[in-house]
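Here are some worked exercises to try with the model open in your viewer. Have a go at each task before you read its solution.

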Amino acid sequence: MKFVQIIDFETERLDEMEQIFEEAGRRFAGRSGGPRQRMLLKDRDNPRRYLALIEFDSFEEAMRNSNDPETSRMAERVGALCIGERVYTNCDLVDQRELA
């Protein structure tokens, strides 16, 4: 079953975060078990708040990725750019479809 992790965070340094995400995407490209898709949402009512939705093929793949030292280093760099704590929500993807 596909798995999605939602990361809720605040930052005023999104450009720097995006650079870290781009670097990570290049490093993880072609590697099995990594994230399959990332979606970034900005809260219209709080311009510093974002939700990152990261999709994996399975919960097990996500946990392997989470335990990778490279992922830990990236998370530390991103965390340093956040205001306050990040909130993680772990979800099984039950349904996904295009409506148009």
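**Exercise 1. Where does Ser 58 lie?**

Ser 58 sits in the loop between E3 and H2. A quick word on what you're looking at: this is a predicted model, where local features need pLDDT of at least 70, side-chain atom pairs count only at pLDDT 80 or more, and totals for chains, interfaces and linings use all residues. Residues are numbered from 1 along each chain as its sequence is written, and side-chain values use heavy atoms, with hydrogens and water left out. As for labels, helices (H or I, at least four residues) and strands (E, at least two) are DSSP runs, numbered from the N terminus.

Step two is accessibility. Buried means under 20% relative accessible area, exposed over 50%, and partly exposed in between (1.4 Å probe, protein chains only). Ser 58 comes out at 12% relative accessibility, so the residue counts as buried.

Step three is contacts, meaning heavy atoms within 4.5 Å. If you leave aside neighbours within four places in sequence, Ser 58 touches Met 1, Lys 2 and Phe 3.

**Exercise 2. Work out the strand order of the sheet and say which strands stand at its edges.**

Start with the pairing rule: two strands pair if DSSP finds at least two bridges between them. Now go through the pairs:

- E2 (residues 37–42) and E3 are antiparallel, with six bridges. Here Leu 40 has Ala 52 as its bridge partner, and Leu 41 is opposite Leu 51. A hairpin of six residues links E2 to E3.
- E1 and E3 are antiparallel too, over eight bridges; Ile 6 faces Leu 53 there.
- E1 and E4 run antiparallel and share seven bridges, with Gln 5 opposite Asn 90.

Chain those together and you get an open, antiparallel sheet of four strands in the order E2-E3-E1-E4. E2 and E4 (83–92) each have a single partner strand, so they stand at the edges with one side lacking a neighbour in the sheet. On average, neighbouring strands are turned by 15 degrees against each other, direction ignored.

Finally, add the helix. H1 (residues 14–28) packs on this sheet, touching E1, E2 and E3, and its direction makes about 175 degrees with that of E2. Such axes are lines fitted to C-alpha atoms, for helices over the stretch in contact, and angles run from 0 to 180 degrees between N-to-C directions.

**Exercise 3. How many aromatic pairs are there, and which parts does the Phe 3 and Phe 56 pair tie together?**

The rule first: rings of Phe, Tyr and Trp (its six-membered ring) pair if their centres lie within 6.5 Å; planes under 30 degrees apart are stacked, over 60 edge-to-face, and the rest tilted. That gives three aromatic pairs.

Phe 3 and Phe 56 make a tilted pair, at 6.4 Å centre to centre with 45 degrees between the planes. Phe 3 belongs to E1 and Phe 56 to E3, so the pair ties together parts 53 residues apart in sequence. Both Phe 3 and Phe 56 are buried.

Next, Phe 9 and Tyr 50 are stacked, at 5.7 Å centre to centre and 20 degrees between the planes. With Phe 9 in E1 and Tyr 50 in E3, this pair ties together parts that are 41 residues apart in sequence. Phe 9 counts as buried at 4% relative accessibility, and Tyr 50 at 7%.

One last grouping: Phe 3, Phe 56 and Phe 59 form one aromatic cluster.

**Exercise 4. Which residues of H2 are buried, and what do they pack against?**

In H2 (residues 59–66), the buried residues are Glu 61, Ala 62 and Asn 65. Look down the axis of H2: they fall within an arc of 100 degrees (taken from the directions from the helix axis to the C-beta atoms), so they line one face of the helix. Their packing partners are E1 (3–10), E3 (49–56) and H3 (69–79).

**Exercise 5. Which elements give two or more residues to the largest nonpolar core?**

A nonpolar core is a set of buried Ala, Val, Leu, Ile, Met, Phe, Trp, Tyr and Cys residues joined through side-chain atoms within 4.5 Å. The largest has 18 residues, and Phe 9, Met 17 and Val 78 have the most contacts inside it. E1, H1, E3 and H3 each give two or more residues, and H1 supplies the largest share, six residues.
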